[in-house]
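Thank you all for coming; I would like to walk you slowly through one part of a structure. Please look at the display first, and then we will go through it together.

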Amino acid sequence: MSILNEFYVLENGIKIPKLGFGTWQIPNGEVTYNAVSAALRNGYRHIDTAAAYRNEESVGKAIKDSGIPREKIFVTTKLESHIKDYEGAKAGFLKTLKDLDMDYVDLYLIHAPWPWNEIGKNCDEGNVQAYKAMEEFYKMGKIRAIGVSNFTPKDIENILAHCEIKPFVNQIAYHIAHHQAETDAYCRAKNILVEAYSPLGIGKLLTHPEVINMAKKYGKSPAQVCIKYDLQHDTLPLPKSTHENRIIENTQLDDFEISRDDMDYLDSLDPEHQSVD
Ligand code: A2P
């Protein structure tokens, strides 16, 4: 079965396609519109964006113009990382709906535990306030699942201690040579789905000699090995590309399986190819 027809099931019963199409760094306008249109044309039914990517408008338009019923497409977006208060989060979500031109989203995440220009700052109280606003929209049916992104176990513990609804998802940078074992194990134990952004290490892994060797061994491309690696770790990869041939290539994953030994070897690679978005 094609990976495009496979799903994870979140704790509230919502089905989420196992492969998503990422849109970070794809500029608003024609480029995003064409990339998302190509992804949908080739069977992707899960699109990941964020207010901070500034491309929600083109993502929404491509989805609308695709002619695919809205309920057949899983749409994720994120609250900007500097918004750490209840009213701000409410306003942020309403702006996102307007920009996407949608009346609900499937998954809404706090983009990061701290503003991107203040990485590491303690925003525990602000995250709780933002999350409470998201819980309200969740209860109103405007969001089908809520979660977080770039959160450590400690950041998630703060939400669990002060909020009502457990995050369904934590979206983190996760790829060969950066598989975040601690956060992954924590989320797994709590039944929080790990989504893997930058599965190709923002493209850097494609020239990694070990990844190239592995790709040759399996007769696949380096990108396919990277994406398969994430799937075999039961995470949800979000590869992105602006080229249709690559958008297709990144879905052709069904005719091979990375052996246990090779997975262990890839796990052991040096964490030199890290990435954040
Ligand atoms: P492009 O948009 O020119 O195709 P990541 O998802 O880890 O952030 O990596 C994204 C980067 O990898 C983009 O620069 C994208 O470039 C490139 N990319 C995506 N898929 C492929 C592929 N199958 N082969 C080569 N490069 C790819």
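**Helices and a ligand**

Helices α7 and α8 are roughly perpendicular to each other, a phrase used for angles of 65 to 115 degrees, because their axes cross at roughly 95° and angles here run from 0 to 180 degrees between N-to-C directions, with axes fitted as lines to C-alpha atoms, for helices over the stretch in contact. Helix α7 covers residues 209-218, and its axis comes within 8 Å of that of α8; helices are DSSP runs of H or I with at least four residues, numbered from the N terminus. In this contact, meaning heavy atoms within 4.5 Å, Val 211, Ile 212, Met 214 and Ala 215 of α7 meet Pro 222, Val 225 and Cys 226 of α8.

I should say early that this is a predicted model, in which local features need pLDDT of at least 70 and side-chain atom pairs count only at pLDDT 80 or more, while totals for chains, interfaces and linings use all residues. Residues are numbered from 1 along each chain as its sequence is written, and side-chain values use heavy atoms, with hydrogens and water left out.

Helix α8, residues 222-232, also packs against helix α10, residues 260-267, at an angle of about 100° with the axes 11 Å apart. Here Val 225, Tyr 229 and Gln 232 of α8 meet Met 263, Leu 266 and Asp 267 of α10.

Which residues come nearest to the ligand? Of the 16 residues around it, they are Leu 200, Lys 240, Ser 241, Thr 242 and Arg 246, where "around" requires a heavy atom within 4 Å. A polar backbone atom of Thr 242 lies 2.8 Å from an oxygen atom of the ligand.

Methods:
Helix = DSSP H or I, 4+ residues; strand = E, 2+ residues; numbered from the N terminus. Polar contact = N/O pair within 3.5 Å; in protein donor to acceptor, adjacent residues only side chain to side chain. Parallel < 35°, antiparallel > 145°, perpendicular 65-115°, else oblique.
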